Amino acid sequence: MDTDILGTLAVREKGLSITPTAPKPRQVLALLVVQADQMVPVGMLSEELWGGRPPRSARPTLQTYILQLRELITAALEADAADVRTAKDVLLTVPGGYLLKSGGGGSDVREFERLAGLGYRAMDAADFPEAARQLRAALALWSGPPLADVHAGMHLATQVKRLEESRLCALDQRIEADLRLGRHRELLAELTVLVSRYPTHESLCGQYMLALYRSGRRGEALDAYQRLRATLVRSLGLEPSAALSKLQRSILMARPDGSPATTATATATASGSGSGSAGPGSTGSGPAGTGRLAPVG
């Protein structure tokens with residue numbers, strides 16, 4: 001069984017779609033796919049479909065949705081006469097719930113996690129070209145928000161949030177790798193969109209500031225910091241992190257020719273020697289703007 005959820009929901013058995021068109025069965029299938037090869041309790045499925053107020057007919061209605069899914073699976077299995085499995089071998093009824101067997105098929109989520117993991121390891125090894133390549137390949141698997149065409153109840157919404165956070169982390173690290181490779185001008189358009197979409201994301205703002213600074217746009221880099229600070233104070237009552245404040249100061253101390261001041265360079269260089277330290281000449285490596293930083297100059 002092949003499953004795609006990084007965008008619209010697409011589930012295939014033997015290459016044939018088993019994705020229902022009706023909203024509720026799609027929701028059931030989506031939760032089973034997200035938890036593939038694990039038992040999904042009936043109570044969880046009920047909460048996903050109806051929240052905390054399931055109708056009296058919840059159990060038989062859910063059984064009807066399972067039956068509809070099995071009919072689609074049966075049609076796909078029957079296309080291969082050599083396959084002796086039945087739909088109940090793929091979508092199992094187990095004590096307390098249901099279990100969808102993936103059979104080791106393809107999964108865009110698993111492939112994303114594999115490629116992103118390779119990218120993170122390359123970042124740790126300071127192999128920035130490889131990190132950028134692997135993380136770019138991981139992000140290319142996304143065609144839109146996860147489960148974009150499925151109504152998300154309480155459980156799917158949690159999974160969607162988890163996946164979106166994983167994507168944002170991979171994106172953050174891919175941009176970090178590109179900055180390390182001197183691709184600041186190529187990043188400006190993308191970062192302009194991202195800081196607008198995530199107005200309190202300190203790491204992205206720091207990367208945007210760095211790209212602007214390296215492109216000779218120091219005033220705009222400082223303006224980006226002030227916008228973030230105003231947003232954080234207004235919406236969360238927080239000041240920017242120490243790492244971002246140091247980056248702002250290093251930009252302020254730049255010489256007229258655009259090179260960083262000696263003290264800022266020294267601090268940034270020192271901060272790069274430890275994976276847990278943060279310095280003024282860099283952007284954070286994680287979603288909250290923490291971690292090793294890239295030099296300003």
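1. Helices here are DSSP runs of at least four residues, numbered from the N terminus. The model is predicted, and this note deals with its salt bridges, of which the structure holds 14.

2. Helix H6 covers residues 128-139 and contains both Glu130 and Arg133, which are 3 residues apart, or about one turn of the helix. These two residues form a salt bridge, with 2.9 Å between the closest N and O atoms. Glu130 has a relative accessible area of 24%. Glu130 is classed as partly exposed because its value of 24% falls between the 20% and 50% cut-offs.

3. Asp178 is in a salt bridge with Arg136, and the closest N and O atoms of this pair are 2.7 Å apart. The bridge links distant parts of the chain, since Asp178 belongs to helix H7 (residues 154-180) and Arg136 to helix H6, 42 residues apart.

4. Are the two partners of that bridge buried or partly exposed? Asp178 counts as buried, at 2% relative accessibility, whereas Arg136, at 38%, counts as partly exposed.

5. Asp178 forms a salt bridge with Arg174 as well, where the closest N and O atoms are 3.1 Å apart. Asp178 and Arg174 lie 4 residues apart in helix H7, so about one helical turn separates them. Both Asp178 and Arg174 are buried.

6. Which residues are linked with Asp178 in a network of salt bridges? The network consists of Arg136, Arg174, Asp178, Arg183 and Glu190. Its links include the Asp178 bridge to Arg136 and the Asp178 bridge to Arg174.

Conventions: Residues are numbered from 1 along each chain as its sequence is written. This is a predicted model: local features need pLDDT of at least 70, side-chain atom pairs count only at pLDDT 80 or more; totals for chains, interfaces and linings use all residues. Side-chain values use heavy atoms; hydrogens and water are left out. A salt bridge is a side-chain nitrogen of Lys or Arg within 4 Å of a carboxyl oxygen of Asp or Glu. Helices (H or I, at least four residues) and strands (E, at least two) are DSSP runs, numbered from the N terminus. Buried means under 20% relative accessible area, exposed over 50%, partly exposed in between (1.4 Å probe, protein chains only).
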